[in-house]
Amino acid sequence: MTDATDQRLAGQYEAYPYPKRDPRDEVKRLVVGSPSHLREIDHWVFGAARPARRPLIALVAGGGTGDATIMLAQQMTTLGRTGAVTWLDRSTAALTIARERARIRNLTNIVWEQRSLLDLPGSGIGPFDYIDCCGVLHHLPDPAEGLRSLVSVLAPGGGMGLMVYAPHGRTGVYMMQDALRRLAPPDETPQQRLDVARRVMKHLPETQWLRHNHFFDDHINGGDAGLYDLLLNPRDRAYTVPEFSALLRDAGLRVTCWVEPIRYDPAPMLPDPKLRAKLDAMDPTERAALAEALAGNMAVHIVYCVRADDPVHAPDPNAETAVPVFRELDGETLARSIRPDGTLTVVFDGLRIAIALPPLAAAILPLINGHRGVGQIRAILAGRGMKPEAFAQAWRQTFAALVRVNRVLLAAPV
Ligand SMILES: C[S@@+](CC[C@H](N)C(=O)[O-])C[C@H]1O[C@@H](n2cnc3c(N)ncnc32)[C@H](O)[C@@H]1O
């Protein structure tokens, strides 16, 4: 199903392919993030149980200028993982940029599909072990239909990484969209509308909430594409935790991780024991909804999910052969950042959270290299005099603390 608004959306992403990317930057850096980081897929979708040698067939639906496609295809190539990543989008302009990024990187594991994700059922494309859909569902005429379309090409035992907008962290966005619709109606050309928005932004009243909202900077640093996508988008809607949960549930999906898990836990924000006790009675979705409302800073929700009846288990960090791996961190640096009181401070969009680590974490963290198993790490530390029981307890606590910030994960078995 498409409508006039959807046609305008298609026009937007031809005029301003999103996000703004210069393919020449590929020689300088790899854009990484969630969802669809290969380490996260291994851990949160497949429970660190799917062998790395099994080909991974992935789809990036609404791939835009290619961030997730390039990241995943590059990570698979670097780690010698077989399979392919299919980029799918309607936009010709986005396709041109994404393809050039892949060419500069010499990536040969990408399939290009220019079409609507709504046409997937019955298309013969797929099935896919993993599907990314980041920042797309909330623009569709019927997000539930879009999600059903994706589920129709999800292989048995597969999973997804999804991102949708969240309302509280976007405070100011929808009132600005309202103001701009009045000054630059959607039937004007994208260029005319952008011109109006730029003029308005120059004299934004000091009371406008967007001026006080520092949880994103797309309208300031994202170029024309960023400003248009945020403030002139012909259709976007934001989902609270309960609303997004319902969308997923109705599509037959179950969340394995809200990214980052600690952000969806209200406990660090409620140190008062009387209030803490109330949390015990809440189910995970209620707790996540409370965390969202309390923090007030979430501009997006990112989840990994699998079919509701899929028996994927949480990875077991205490197994002898479990191989911990960092996400863009190194153990030496992390160990040095532990403060004298045993805590690490992490900051999520302005929200500071102190994570408590056991004293032995400083000895364990530098030994994590993405190849050593937990048993090997224990053996090395035993050689330095650490008792196995002390290691077991410290490792349990260390892993539990750091997996909640999505920084230590378990690697796929070889
Ligand atoms: C906000 S961009 C997100 C791009 C990318 N996923 C990212 O996160 O960087 C939304 C993308 O969805 C695409 N899109 C919108 N509706 C679509 C549809 N029905 N089928 C395929 N792509 C669609 C647009 O062309 C655009 O590239």
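Mentor: Let's fix one cut-off before we start: a residue counts as buried under 20% relative accessible area, as exposed over 50%, and as partly exposed in between. And keep in mind that this is a predicted model.

Trainee: Okay, what makes aspartate 6 buried?

Mentor: Its relative accessible area is 1%. The limit for buried is under 20%, so aspartate 6 counts as buried. You'll find aspartate 6 in helix H1, residues 4-15.

Trainee: Which residues does aspartate 6 touch, leaving out those up to four places away in sequence?

Mentor: Arg90, Pro141 and Arg235.

Trainee: Now aspartate 25. Why is it called partly exposed?

Mentor: Aspartate 25 comes out at 23% relative accessible area. Buried needs under 20% and exposed needs over 50%, so aspartate 25 falls in between and is partly exposed. Aspartate 25 sits in the loop between H1 and helix H2 (38-45). For a sense of distance, aspartate 25 and threonine 343 are 318 residues apart in sequence and 37 Å apart in space, C-alpha to C-alpha.

Trainee: That same loop caught my eye. What is cis about the step from serine 34 to proline 35?

Mentor: The peptide bond between them, with omega near -5°. Proline 35 belongs to the loop between H1 and H2. Most peptide bonds are trans.

Trainee: Where does the cis bond that starts from valine 259 lead?

Mentor: To glutamate 260, with omega near -10°. Glutamate 260 lies in the loop between strand S6 (253-259) and helix H12 (273-279).

Trainee: What about serine 36: what makes its phi worth a look?

Mentor: Phi is near 90°, a positive value in a residue other than glycine. Most residues other than glycine have a negative phi. Serine 36 is also in the loop between H1 and H2. With 1% relative accessible area, serine 36 is buried, since the limit is under 20%.

Trainee: And how do you know whether glutamate 328 is buried, exposed or partly exposed?

Mentor: Glutamate 328 has a relative accessible area of 43%. That lies between the 20% and 50% limits, so glutamate 328 is partly exposed. Glutamate 328 also has a positive phi, about 50°, although it is not a glycine. Its place is the loop between strand S8 (324-326) and helix H14 (331-337).

Trainee: On to the helices. Why are H6 and H7 called oblique?

Mentor: The axes of helix H6 (residues 173-183) and helix H7 (residues 190-202) cross at roughly 125° and come within 10 Å. Roughly perpendicular covers 65 to 115 degrees, and roughly antiparallel starts over 145. The angle fits neither class, so H6 and H7 are oblique to each other. The crossing of H6 past H7 is right-handed.

Trainee: Which residues make that contact?

Mentor: H6 brings Met176, Leu180, Arg181 and Leu183, while H7 brings Arg193, Val196, Ala197, Val200 and Met201. They divide into seven nonpolar, no polar and two charged.

Trainee: What makes H7 roughly perpendicular to helix H10?

Mentor: H7 and H10 (residues 223-232) pack at about 85°, with their axes 10 Å apart. The class runs from 65 to 115 degrees, so H7 is roughly perpendicular to H10. Among the contact residues are Pro190 and Leu194 of H7 and Leu227 and Tyr228 of H10. The contact splits into eight nonpolar, one polar and three charged residues.

Trainee: And why is H11 called oblique to H13?

Mentor: Helix H11 (residues 241-250) and helix H13 (residues 284-295) pack at about 140°, with their axes 8 Å apart. Roughly antiparallel needs an angle over 145, so H11 is oblique to H13. Val241, Pro242 and Ser245 of H11 meet Thr285, Ala288, Ala289 and Glu292 of H13. That gives four nonpolar, two polar and one charged.

Trainee: Last one: how many residues does the largest nonpolar core have?

Mentor: It has 65, and those with the most contacts inside it include Leu72, Leu365, Trp395 and Leu402. Helix H17 (residues 388-403) gives the most to this core, with seven residues. Leucine 365 touches, among others, Phe326, Ile338 and Leu402. Another core, of 36 residues, lies apart from the largest one, with Ile125 and Phe244 among its members.

Notes
Residues are numbered from 1 along each chain as its sequence is written. This is a predicted model: local features need pLDDT of at least 70, side-chain atom pairs count only at pLDDT 80 or more; totals for chains, interfaces and linings use all residues. Side-chain values use heavy atoms; hydrogens and water are left out. Helices (H or I, at least four residues) and strands (E, at least two) are DSSP runs, numbered from the N terminus. Buried means under 20% relative accessible area, exposed over 50%, partly exposed in between (1.4 Å probe, protein chains only). Contact means heavy atoms within 4.5 Å. Axes are lines fitted to C-alpha atoms, for helices over the stretch in contact, and angles run from 0 to 180 degrees between N-to-C directions. Angles under 35 degrees count as roughly parallel, over 145 as roughly antiparallel, 65 to 115 as roughly perpendicular and the rest as oblique. A crossing is left-handed if the near helix is turned anticlockwise from the far one by less than a right angle, and right-handed if clockwise. Ala, Val, Leu, Ile, Met, Phe, Trp, Tyr, Cys and Pro count as nonpolar, Asp, Glu, Lys and Arg as charged, and the others, Gly among them, as polar. A nonpolar core is a set of buried Ala, Val, Leu, Ile, Met, Phe, Trp, Tyr and Cys residues joined through side-chain atoms within 4.5 Å.
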